[in-house]
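Biologist: Could you walk me through this one at the bench-side level? I'd like to go over the packing.

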Amino acid sequence: MKRSEISVAIFADYSKAFDTIDFYILLQKMHQLNFSTDFLHWIFNYLSFRQHFVQIDSQHSSLLTSNYGVPQGSILGPVLFNLCVAEMSKITPNSECIQYADDSTLYRSCKLKDKNTCVKQLEEDITSLSKWSGKNNLIFNSNKTKFMIFSSQQLSKYHNLKDDNLNIKCSNTIIERVEQFKIIGVTFDEHLKFNTQLDKILKSSYSTLAILK
């Protein structure tokens with residue numbers, strides 16, 4: 001913003017990310033990261049032959065063996081997921097890639113005159129990410145993937161960026177543009193004003209204070 005640039009960010013969405021991890025793909029990636037054979041055997045033992053069932057009141061289903069997914073609510077679950085997607089930044093060479101478990105954001109910054117080139121490179125990266133996800137048994141949800149243009153309020157108003165018909169495509173799907181987006185519990189808007197985030201915190205605080213009172 002201080003350099004009078006815009007930043008175009010794409011927020012990638014994955015469906016049931018932790019539940020779709022393929023054990024063998026994960027072990028192969030860990031082998032490439034030079035984990036020892038004994039450790040890989042231990043991890044495979046930890047992941048495989050887990051069983052689960054569904055219970056409603058006193059009724060429950062029969063046991064079913066899980067052939068995919070890392071245990072959620074565990075310490076190792078997010079670590080194993082991160083190891084599985086560690087190469088994501090290599091798949092998107094034209095963009096900066098920010099990852100936090102299954103929350104992944106691609107972004108590029110540029111001058112307004114270079115906007116079309118910036119968008120083209122982001123499209124290449126998000127399409128590559130979608131194809132890579134399919135090969136790694138991850139369900140990339142292009143319909144829930146969003147993008148935002150970050151800029152200063154003055155730049156946006158002067159160049160009428162809100163009405164800019166900028167399109168970003170992933171394969172043949174047009175990614176929806178949003179004016180604000182929630183990342184790891186924090187709501188960001190196009191101008192980094194944080195008014196929406198503060199309003200939500202205040203509303204939650206007043207609710208808690210009312211209960212305490």
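Here is our chat about a helix pair and one threonine.

Modeller: Heads-up: this is a predicted model, where local features need pLDDT of at least 70, side-chain atom pairs count only at pLDDT 80 or more, and totals for chains, interfaces and linings use all residues. Residues are numbered from 1 along each chain as its sequence is written, and side-chain values use heavy atoms, leaving out hydrogens and water.

Biologist: Are helix α1 and helix α2 roughly parallel or antiparallel?

Modeller: The axes of α1 (residues 23-32) and α2 (residues 37-47) come within 11 Å and cross at roughly 160 degrees. Angles over 145 degrees count as roughly antiparallel, so α1 against α2 is roughly antiparallel.

Biologist: How many residues of that contact are nonpolar?

Modeller: Contact means heavy atoms within 4.5 Å. From α1 come Phe23, Tyr24, Leu26, Leu27, Met30 and His31, and from α2 come Phe39, Leu40, Ile43, Phe44 and Leu47. Ala, Val, Leu, Ile, Met, Phe, Trp, Tyr, Cys and Pro count as nonpolar, Asp, Glu, Lys and Arg as charged, and the others, Gly among them, as polar. The split is no charged, one polar and, for nonpolar, 10.

Biologist: Is Thr92 buried or exposed?

Modeller: Thr92 sits in the loop between α4 (88-91) and β7 (96-100). Buried means under 20% relative accessible area and exposed over 50%, with partly exposed in between (1.4 Å probe, protein chains only). Thr92 has a relative accessible area of 0%, so Thr92 is buried.

Biologist: Which residue's backbone oxygen does the Thr92 side chain reach?

Modeller: Leaving aside neighbours within four places in sequence, Thr92 is in contact with Cys97, Leu106, Asp125 and Leu129. The backbone oxygen that its side chain reaches, at 3.4 Å, belongs to Met88.

How values were computed
Axes are lines fitted to C-alpha atoms, for helices over the stretch in contact, and angles run from 0 to 180 degrees between N-to-C directions. Helices (H or I, at least four residues) and strands (E, at least two) are DSSP runs, numbered from the N terminus. Angles under 35 degrees count as roughly parallel, over 145 as roughly antiparallel, 65 to 115 as roughly perpendicular and the rest as oblique. A polar contact is a pair of N or O atoms within 3.5 Å; within protein, one must be able to donate a hydrogen and the other to accept it, and residues adjacent in sequence count only if both atoms are side-chain atoms.
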